[in-house]
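User: Hi! I have a structure open here and would like to talk it through with you. Could you help me find my way around?

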Amino acid sequence: MISWEDFENVELRIGTIIEVSEFPEARKPAYKLKVDFGPEVGIRKSSAQITDLYDSEKLLGKQVLAVTNFPPKQIGPFISECLVTGIQTDEGAITLVSPDHEVSNGQRLI
């Protein structure tokens, strides 16, 4: 079990995907994403293994939930600055966590 304070320390925020590119150097198929989290957090980069369910063109403009207060992580030649959240399907693909309705970039999960 974690405490409520532990949970409050995780910054889960909404951002909009503004750029998607291929990540051929990744061990598993992945995209490089740029996500806009609004003026307080800014634009962050992330790597996401979501190629099974998402075409790069359809990801542009999609809002996603991400952890924004992890330290940067080296993933091959790429530095990831946030963790975009997803849930694994029964078949093993990752589906992104996103709001049903558009909200302002940077809003925190409450």
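**Walking through the model**

Analyst: Happy to! Let's begin with strand E2, where the side chains alternate: Tyr31, Leu33 and Val35 are buried and point to one face, while Lys32, Lys34 and Asp36 point to the other face and are not buried. Please keep in mind that this is a predicted model.

User: Which strands does E2 pair with, and in what sense?

Analyst: E1 and E2 are joined by six bridges and run antiparallel. Strand E3, residues 43–48, also pairs with E2 in the antiparallel sense, over six bridges.

User: Can you give me some residues to click on? Which one is opposite Lys32?

Analyst: Opposite Lys32 in E2 you will find Ser21. For the pairing with E3, look at Asp36, which stands opposite Ile43.

User: What is the strand order in the sheet?

Analyst: The order is E3-E2-E1-E4-E7, in an open sheet of five strands with antiparallel pairing. E3 and E7 are the edge strands, each pairing on one side only.

User: Let's move to E4. How many of its residues are buried?

Analyst: Five of five, so to speak: strand E4 covers residues 63–67 and is mostly covered, with each of those five counted as buried. Gln63, Leu65 and Val67 point one way, Val64 and Ala66 point the other way, and all are buried.

User: And how many bridges does E4 make to its partners?

Analyst: Five bridges join E4 to E1, and the two run antiparallel. Within that pairing, Gly15 stands opposite Val64. Two bridges join E4 to strand E7, residues 83–84, again antiparallel. There, Val84 is the bridge partner of Ala66.

User: Gln63 caught my eye. Is its side chain buried or exposed?

Analyst: Gln63 is buried, since its relative accessible area is 9% and the cut-off for buried is under 20%.

User: What polar contacts does the Gln63 side chain make?

Analyst: A polar atom of the Gln63 side chain lies 2.6 Å from the backbone oxygen of Val103. The Gln63 side chain also makes a polar contact with the side chain of Asn105, at 3.3 Å.

User: What else does Gln63 touch?

Analyst: Leaving out residues up to four places away in sequence, Gln63 touches Ile14, Gly15, Thr16, Val97, Ser98, Pro99, His101, Glu102, Val103 and Asn105.

User: Switching topic: how many residues are in the largest nonpolar core?

Analyst: The largest nonpolar core has 16 residues. Those with the most contacts inside it are Ile17, Leu33, Val35, Ile50, Leu59, Val84 and Leu96. E1, E2 and E4 are the elements that give two or more residues to this core. E2 gives the most, with three residues.

User: Is that kind of clustering a general thing? Where do nonpolar side chains tend to be?

Analyst: In soluble globular proteins, nonpolar side chains tend to be buried together.

User: Back to Leu59, then. Which residues does Leu59 touch?

Analyst: Not counting residues up to four places away in sequence, Leu59 touches Ile17, Val20, Tyr31, Leu33, Ile50, Tyr54 and Leu96.

User: What about aromatics? How many aromatic pairs are there?

Analyst: The count comes to two aromatic pairs. In one of them, the ring centres of Trp4 and Phe7 are 5.4 Å apart and the planes are at 45°, so this pair is tilted. Trp4 and Phe7 are about one helical turn apart, because they sit three residues apart in helix H1, residues 4–8. Trp4 counts as exposed, at 59% relative accessibility, whereas Phe7 counts as partly exposed, at 29%.

User: And the pair of Phe23 and Phe78: what is its geometry?

Analyst: Phe23 and Phe78 form a tilted pair, with 5.5 Å centre to centre and 55° between the planes. The pair links distant parts of the chain, 55 residues apart: Phe23 is in the loop between strands E1 and E2, and Phe78 is in strand E6, residues 78–80.

User: Are those two rings' residues buried or exposed?

Analyst: Phe23 is buried, with a relative accessible area of 3%. Phe78 counts as buried too, at 8% relative accessibility.

User: Last one: which residues does the UniProt domain annotation cover?

Analyst: The unreviewed UniProt entry carries the annotation "domain: TRNA-binding" for residues 6–110. In the model, that span is 10% helix and 40% strand, and its end C-alpha atoms lie 13 Å apart.

Notes: Residues are numbered from 1 along each chain as its sequence is written. This is a predicted model: local features need pLDDT of at least 70, side-chain atom pairs count only at pLDDT 80 or more; totals for chains, interfaces and linings use all residues. Side-chain values use heavy atoms; hydrogens and water are left out. Rings of Phe, Tyr and Trp (its six-membered ring) pair if their centres lie within 6.5 Å; planes under 30 degrees apart count as stacked, over 60 as edge-to-face and the rest as tilted. Helices (H or I, at least four residues) and strands (E, at least two) are DSSP runs, numbered from the N terminus. Buried means under 20% relative accessible area, exposed over 50%, partly exposed in between (1.4 Å probe, protein chains only). Two strands pair if DSSP finds at least two bridges between them. UniProt positions are given in the numbering used here, feature names are shortened, and annotations may be inferred rather than shown by experiment. A nonpolar core is a set of buried Ala, Val, Leu, Ile, Met, Phe, Trp, Tyr and Cys residues joined through side-chain atoms within 4.5 Å. Contact means heavy atoms within 4.5 Å. A polar contact is a pair of N or O atoms within 3.5 Å; within protein, one must be able to donate a hydrogen and the other to accept it, and residues adjacent in sequence count only if both atoms are side-chain atoms.
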